[in-house]
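Good morning, everyone, and thank you for making time for this short talk. Please bring up the structure, and I will go through it a part at a time.

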Amino acid sequence: MAIILPKQVGTEEGRLLFQKSEEVKTFDEARAIVASLKETLDYYGGVGLAAPQIGIPKRVFIVDIKNTLSYKEKYPEGEEIGFVAYVNPSIIEISDQKNKDFEGCLSVIYGSLFGIVERADFLKIEYFDPQGKRHIDEIRNPFHARVVQHEFDHLEGIIFLQRMETKDFSKLLWEEERDIRRIDKKK
Ligand SMILES: [Zn+2]
């Protein structure tokens, strides 16, 4: 596998972003998908990526939340989360407490469009790691929980724009300099 420019909504090959993905059958397959996701996320940057975004309609996503300055500013108490791969995940509990914040997506205008989405503050998720071990994690960091909800949505064929309240569409931000195709030009 290799680095794959994330598929885009509104294109022919981006149609699977609106389809439900299927469970992975073997952990060999899961590991190959995770390797590709990681390589792509490392290259283009971002905090999460799901298999359908690189053209694979399987239930796998990764998060990689580094202790960057902006993360520490926003969540001074937040622990470093780092890299986690989720294979065949199910969200088994989700909080009533919610928060609103901006989100972007590497599959929506190449990561350059940001909109306000309401997400649950914390959740409980059951999943397998790429080695095949089953986990149940409580995710109490609201940013981590947000990323997991965003990526899990990709497996259900939902993008963040569909989670927005219509009144917040007037506050969409477009930041041209965040377009990930600029990275290809630089490298
Ligand atoms: Zn996304």
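Let me begin with a definition: two strands are said to pair if DSSP finds at least two bridges between them. Helices (H or I, at least four residues) and strands (E, at least two) are taken as DSSP runs and numbered from the N terminus. What we have here is a predicted model, in which local features need pLDDT of at least 70 and side-chain atom pairs count only at pLDDT 80 or more, while totals for chains, interfaces and linings use all residues. Residues are numbered from 1 along each chain as its sequence is written, and side-chain values use heavy atoms, with hydrogens and water left out.

With that in mind, look at strand β6 (residues 123–128) and strand β7 (residues 134–139), which run antiparallel and are joined by six bridges. One of the residues to find is L123, whose bridge partner in β7 is I139. The hairpin of β6 and β7 has five residues between the strands, and there G132 takes a positive phi near 100 degrees.

Now to the metal. Which protein donors does the zinc ion have? They are C105 (SG), H150 (NE2) and H154 (NE2), lying 2.0 to 2.2 Å from the ion, where donors are N, O and S atoms within 2.8 Å of the metal (3.2 Å for Na, K and Ca), and since water is not among the atoms, sites may look incomplete. Along the chain, these donors follow the spacing C-x44-H-x3-H. H150 and H154 are separated by about one helical turn, because they sit four residues apart in helix α3 (residues 142–156).
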